[in-house]
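Colleague: I'm new to this one. Could you walk me through it, a question at a time?

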Amino acid sequence: MSNLGLIISLLIIGAGLLWLLIRSLQGKEVERRIIFLFIGLAVSVPLLFNITFSEKATPIVKALYDKIDNLPEGSNILLSFDYGPTMAPEVQPMSDVLIRHVLAKNHHLFLMGLWATGQSLGAEAVDRIIKGDFPEKIDGIDFVNIGYKAGNQGVLNVIVTDFRKLYATDVGGRDLDSLPIFNGIKSLKDMDLLISVGGGFPGVKEWVQFAGDPGNVPTGGGSAAVSAPLLYPYYPRQMLGLMGGIKGAAEYESEFKRHYERFKDMPEPGVKMMGPQTLAHLVIMAFIVIGNLSYFFGKKGKQS
Amino acid sequence: MKRKIPVLITFVVGSVLILSVFFPPIETWGEDFSIFFDIIAVFAFFLGGGNLLRIHTKKAIKRQKDWGFSIVTVLGFIIMLIAGLFKVWNDGGIAGDVAAPGSLFQMMYNWIFTPLGATMYALLAFFVASASYRAFRAKNVGATILLVASFIILLGRTPLGTYVTGWIPKSLSIFNIPDLAIWIMTAPNLAGQRAIMIGIALGVVSMSLRLILGVERTYLGVDNE
Amino acid sequence: MAVTKKISLLILAIVIVLFAVSWIAKTGTFEDTGMPLGLSVRDGFLVTFAAFLTLSIFSFLYKDNPYYKFAEHLFVGVSAAYWMCVGFWSTFVGNFIPKVSEGLSNFFEVPYKGFDVFYFIPLILGIMLLLRMSSKIGWISRWSLAFIVGTTAGLNLIRYMRSDFISQVSNTFVPLVVDWQGFGAFFSDLSLNASGQLIMTMSNWVIFIGVFCGIIYFFFSKEHSGFFGGASKVGIWVLMVTFGASFGYTVMGRVSLLVGRLTFLFHDWLGLIN
């Protein structure tokens, strides 16, 4: 199905691009709604035919994977949901696979958010992934969701020295001191790894600036593709690893599935999205080439 | 009074936060100011919501253009506010998480806020495609370099790159497009982003100093009297 | 005009009919999975409404229309209230109330942390901020703004200096010859292997020179001529590669969001994919 779908997708898109090329070289105007239709088809057709490809982790993603995998069991890992619905399709697969990986290694998972929407996302992740895949994990012992506080980087400035100054309870209203998972945890400096998943402000950059660097705590991230290039200057000394965009999520999912037999049937939204992504990239590249060919060699281009 | 006291407040608060890094005895002052900032930020949310309500209610009452849609805004705002403030259908009661599964608030987040927000940004994919066809021209050396780099990244960040150049032997693997894409990200891209980052950092530091020392006062607005 | 109004009414009628059909169909689908009727009706409505909102936003690609405006205005109202509610419960009730009132702390069922008179500072400043809505005494909100600006400036100065300046400059001083084991070893293994010594060395040269030239480009106090101009030109080229990489990633990001929405439509709403 996948191979047949790939051939059909390429035929449809190829025919359309050929038509576009001819029309552009003839100097005829192409309505922008036709362009929109093209990109819609380029994404829809592979999605309907379930076209997927295998993925291999690049060094920057592998670094984050290896860090979580090599930490001793029972390590404290904090995951911050720093995104909203506008970025969720891209970064939600990252947070899903990170939660699975952290709990599969029997580490302690601390969930929070610097975005207000992080509160809902954390609650939803607990409900969907933790209760679904890890029913044996106990809230307050193996994981905890402390939710959101307003203040962006101001929040990090406080919790890098003392959690309890800002967080008295978890989202369920339970005192932090009553939770076994918080025994011996005073601040972010007691964490073994900080991970921020997001792509806007505040995000991975603020975690490096206000938590990782001042607190000297290893920091990793998952970032929307738009923000990922901006984070490379921090790699690898200030940020040990990064999942950039849906490709990063797909790489991490593939790496995780390869090593954890128990999760061989887990959903791979990142990998699934790479099929439509690949064809859409192909179409965008074709648009750039066609646009330039019509500019330099087309009737309109020659006239100018 | 209208301008001198705010400038003094900025100076005191900014100075305390800077000095708290170097003098541990006043570290707690810095943390307290950060917590006060967090609480004031919530009032900023109230201000935004209140302003929104005021503008759209006025629009609806005066029957200005698109006043019908202003009613939609006001209704959506009020229903979401009631759902959140009173934790409607929330199993945990007043102490429970406002975004608890099954609550009206979380339902509205999942089925109204999420689809709308995500789709708004999904529209950008179409506009990026249109811009690629209409605007991207290799008119000079710089633009050509930009296009070549973007091509390598677009190819290299998908499995297509592997299929196209996967046959290249290891001794020439830098020409393998995915490896070339990784090299571009970790070498020239890193260099360019670092140069920009250093420039921005210097700008932020100088602007922060100007604000704290009261040289920059544009945030105070203009006096009408 | 009458024709336009007729077409609009026709489209509205079609939308209503399709909405009803989808609602009934989704209710049936949920009932088939064993869900009680009440919940099936609710979830059927929610999925249909979410699909309606998604398609309303997409309709903007054809042209601006009342369905898009409806969805846009609804989004504005709902998102403003969302931020207010979460901010109120998480920070106002979570951080402010426990420090000022035992009675309110008991009412909201949050642990009381002892009275702290200094916590009236953010309360007073917060109320001052709200006075911005008044044209007569709105000027008093400047005091709150000053506090916000002072906090942000104070925090950012040190963090940007440390993480984005000192660390970045330090990280740029990379070895310009990597893993040197002698001329023999270097020339015997001379290859364009992506993780080989030659490429790693070249990467460090690109980073060092690229950062140096990129910063030179942004120095506008001196004319870009001679050696300085040449270095500035190299800086532009490096920046062009950076922007090209950013464009590639931006395309990836935007397309991902589109794939996400189409996945919702094809999977959650229409059930066309697994």
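Colleague: How far apart do the C-alpha centres of domain 1 of chain A and domain 2 of chain A lie?

Modeller: Happy to help, and do keep in mind that this is a predicted model. Chain A splits into domain 1, residues 2-51 + 269-303, and domain 2, residues 59-263. Between the C-alpha centres of domain 1 of chain A and domain 2 of chain A, the distance is 38 Å.

Colleague: How many residues of domain 1 of chain A are in contact with domain 2 of chain A?

Modeller: On the other side, domain 2 of chain A brings seven residues to this contact. The domain 1 side of chain A has four nonpolar, two polar and no charged residues. For domain 1 of chain A, the number in contact is six.

Colleague: How are helix 2 of chain A and helix 10 of chain A oriented, roughly parallel or roughly antiparallel?

Modeller: The axes of helix 2 (residues 32-48) and helix 10 (residues 269-297) of chain A come within 8 Å and cross at roughly 150°. An angle over 145 degrees counts as roughly antiparallel. Therefore helix 2 of chain A is, relative to helix 10 of chain A, roughly antiparallel.

Colleague: Which helix of chain C gives the most residues to the side that touches chain B?

Modeller: Here 103 residues of chain C are in contact with 112 residues of chain B. The elements giving two or more residues to the chain C side include helix 2 (37-58), helix 3 (66-96) and helix 9 (226-269) of chain C. With 24 residues, the one that gives the most is helix 3 of chain C.

Key
Residues numbered from 1 in each chain as written. Chains lettered and ligands numbered in written order. Predicted model: local features only at pLDDT ≥ 70, side-chain atom pairs only at ≥ 80, totals over all residues. Domains from an automatic or database assignment. Contact = placed C-beta atoms within 7 Å. Nonpolar A, V, L, I, M, F, W, Y, C, P; charged D, E, K, R; others polar. Axes fitted to C-alpha atoms, helices over the stretch in contact; angles between N-to-C directions. Helix = DSSP H or I, 4+ residues; strand = E, 2+ residues; numbered from the N terminus. Parallel < 35°, antiparallel > 145°, perpendicular 65-115°, else oblique.
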